[in-house]
Amino acid sequence: MTVFLCAKCGAELTPDLRRLAQVPDVSTHDKDRDSVTGLAPSTVPRGAYVIDREPWGAPFVTPEAQDADARAMGTRGSRGPLMPPGMTDMVPRGPQGSVIVHPEDVRGLRPAESLGIHHGCCGPLGTGGPNMACACGAFVATLAADCMGPHELRLHPLRVYAFPAGTPT
Ligand SMILES: [Zn+2]
Ligand SMILES: [Zn+2]
């Protein structure tokens, strides 16, 4: 079991979580979405986390600007967020190793005030970089929670750390 803490202030961000071996395949069928909020089921269930080894999230670059290396690896992100208009062809060059958790397992984060184009029709897309702040002010996580895209919270791999150490490699 693993707890994730804020790298800046040491606050515990999560309860004890168990690690999943693989990023779950999430159904994007409309029938699975919440009938009131339109939210998809969370990528990971309560009490769990999973490490995404693919680059995810901001910054986004054009495919032409992507490194030859990254292209060779086929890194498009395992399952990207819904992209805002004008950015739909871009590919993520955000950090590898983001920690996907259930949004309701992480309490006490404060949403960023203005998301601009990175706000979907009813919730954050998660495409503008970390949009959830720890009580200390550090933006430690990215919430994607629009009715059109995936529903998940991603802890930034460099802005949080795991306890016991070394688990999420
Ligand atoms: Zn903090
Ligand atoms: Zn929406």
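Leu 155 touches Phe 4, Leu 13, Ser 98, Val 99, Val 101, Val 140, Ala 141 and Val 160, leaving aside residues up to four places away in sequence; two residues are in contact if their C-beta atoms, placed from the backbone, lie within 7 Å. The model is predicted: local features need pLDDT of at least 70, side-chain atom pairs count only at pLDDT 80 or more, and totals for chains, interfaces and linings use all residues. Residues are numbered from 1 along each chain as its sequence is written, while chains are lettered from A and ligands numbered from 1 in the order in which they are written.

**Overall fold**
- The protein has 11 strands and 1 helix, taken as DSSP runs numbered from the N terminus (helices H or I, at least four residues; strands E, at least two).
- Along the sequence the pattern reads β-β-β-β-α-β-β-β-β-β-β-β.
- Of the contacts with a separation of 6 or more, 67% join residues 24 or more positions apart.

**Core**
- Of the 169 residues, 35% count as buried, that is, with 20 or more other C-beta atoms within 10 Å of their own (exposed: 12 or fewer; partly exposed: in between; C-beta atoms placed from the backbone).
- The largest nonpolar core (buried Ala, Val, Leu, Ile, Met, Phe, Trp, Tyr and Cys residues joined through C-beta atoms within 7 Å) has 25 residues, of which Leu 13, Val 99, Val 101, Val 140, Ala 141 and Leu 155 touch the most other members.
- At least two residues of this core come from each of β1 (3-6), β3 (48-52), β6 (98-101), β9 (139-145), β10 (151-155) and β11 (160-163).
- β9 supplies the largest share, 5 residues.

**Glu 54**
- Glu 54 sits in the loop between β3 and β4 (60-61).
- Glu 54 counts as partly exposed because it has 19 C-beta neighbours inside 10 Å.
- Its C-alpha atom is separated by 5.1 Å from that of Gln 96, 42 residues apart along the chain.
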